[in-house]
Amino acid sequence: MAARVLTQDDIPGASLAGREPQALKCEDFFFWLRCRGDSLKGLKTKAALVKRVEEYIRTGRDQNIVDPDPHKVYTKRKEHRTASEDNISADVNSPQPNYPSDGWSGNIKRMPFFTRAEMNNHIAKSGKNIDSSKSHSVPTSVRKATTFLNDEYFLKNLSAASDNTYFYLRCQCHHSFRKNDPPHNLKVALCIFSGEVKNASCSCVAGQVGFCNHILALLLKLCKFSLYECKSVTDLENEDDMQPKRSCTSTLQQ
């Protein structure tokens, strides 16, 4: 597959989005410059960062975008999305997801490429602000979901199935320190061509519409599956979201 030319719209945080350079935080500067292939050498002050960004804009080099991720996740995402454009157009009139009753397994070879971009699109459908600071930093709801996994909950019994239109995943989300509480049951259906979340639900009180922290935690897991090109749900079974750390509330106060 031929390499695709990236634009700043392909990478969340690669665009100033109408902001003046002075309004950026240092971490935003570094990410913006990495998206232009900058070595970041000699940038010890904010004034130096502002000057470097303004120089890129003045010379037009701000339009030369490179993938800042060592695993080339943004390039892979664009290649997958571009290659499936014809199939996506046919997806407009596709039927609603119908979760199968059988055929579930640990095989995720047919799972579409799934990244934080697809996850953010799903969050946006909830009506929540993806980021109130209008920068590329991690959404509050995603930070909560990550903390959720690291401190309290873990995913178990992941399985997958698929048909010609959708890729389905289901799992249980257990509370690490409440052994007698029943687990939450999660289901997600992705468009098999675009990776878009077409349906999500959780058995918790807030999960019927598919935007609870349990669902976001599962979506984070799917991002990892894509990042590491996993073929089975067991490939990352030793990760923190499968084997959580001790909760901060289970340790003595310092």
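Buried means under 20% relative accessible area, exposed means over 50%, and partly exposed lies in between, with a 1.4 Å probe and protein chains only. Helices (H or I, at least four residues) and strands (E, at least two) are DSSP runs, numbered from the N terminus.

This is a predicted model: local features need pLDDT of at least 70, side-chain atom pairs count only at pLDDT 80 or more, and totals for chains, interfaces and linings use all residues. Residues are numbered from 1 along each chain as its sequence is written, and side-chain values use heavy atoms, with hydrogens and water left out.

**Stop 1: the strands**

Select residues 166–175. This is strand β2, and eight of its 10 residues are buried, so the strand is mostly covered.

Now add residues 153–162, strand β1. β1 and β2 run antiparallel and pair over eight bridges; two strands count as paired if DSSP finds at least two bridges between them. Three residues separate β1 from β2 in a hairpin. To check the register, show S162 and F167: S162 stands opposite F167 of β2.

Next, add residues 184–191. This is strand β3, which pairs with β2, again in the antiparallel sense, over eight bridges. Here the pair to show is R170 and K187, with R170 opposite K187 in β3.

Stay on β3 and pick N185, which lies in this strand. Is N185 buried or partly exposed? Its relative accessibility is 41%, so N185 counts as partly exposed. Draw a distance from N185 to S201: the two are 16 residues apart along the chain, and their C-alpha atoms are separated by 8.2 Å.

**Stop 2: the annotated domain**

Select residues 186–223. An unreviewed UniProt entry lists this range as "domain: SWIM-type". UniProt positions are given in the numbering used here, feature names are shortened, and annotations may be inferred rather than shown by experiment. Over residues 186–223 the chain is 29% helix and 32% strand. The C-alpha atoms at its two ends are 16 Å apart.

Inside the range, show C202 and C204. How far is the sulfur of C202 from the closest cysteine sulfur? The distance to the sulfur of C204 is 3.6 Å, too far for a bond. A disulfide is a pair of cysteine sulfur atoms within 2.5 Å. A search of the whole structure finds zero disulfides. C202 is buried, at 2% relative accessibility. For another cysteine, jump to C26: this residue is partly exposed, with a relative accessible area of 40%.

Now go to L220, in helix α7 (residues 213–227). L220 is buried, at 16% relative accessibility. Add M119: L220 and M119 are 101 residues apart in sequence, yet 7.9 Å apart in space, C-alpha to C-alpha.

**Stop 3: salt bridges**

How many salt bridges does a search of the whole structure find? There are five. A salt bridge is a side-chain nitrogen of Lys or Arg within 4 Å of a carboxyl oxygen of Asp or Glu.

Show K78 and D10. Their side chains meet in a salt bridge, 2.8 Å from N to O. This pair links distant parts of the chain, 68 residues apart: K78 is in helix α3 (residues 73–83), and D10 is in the segment before α1 (26–34). Both K78 and D10 are buried.

Show E55 and R61 next. The N to O distance in this salt bridge is 3.5 Å. E55 is partly exposed at 32% relative accessible area, and R61 is partly exposed at 33%.

Then show E196 and K198, where the salt bridge spans 3.2 Å, N to O. E196 is partly exposed, with a relative accessible area of 31%. K198 is partly exposed too, at 29%.

**Stop 4: helix α2**

Select residues 46–59. Helix α2 has 14 residues and reaches 20 Å from its first C-alpha to its last, close to the 20 Å expected at 1.5 Å a residue. The expected span is 1.5 Å times one less than the number of residues.

Color L49, V50, V53 and Y56, which are buried in α2. Look down the helix axis: the buried residues of α2 fall within an arc of 125°, so they line one face of the helix. The arc is that of the directions from the helix axis to the C-beta atoms. An α-helix has 3.6 residues a turn, so residues three or four places apart point the same way.

Finish on the face turned away from the buried side of α2. Show A47, K51 and R58: these are the exposed residues carried there.
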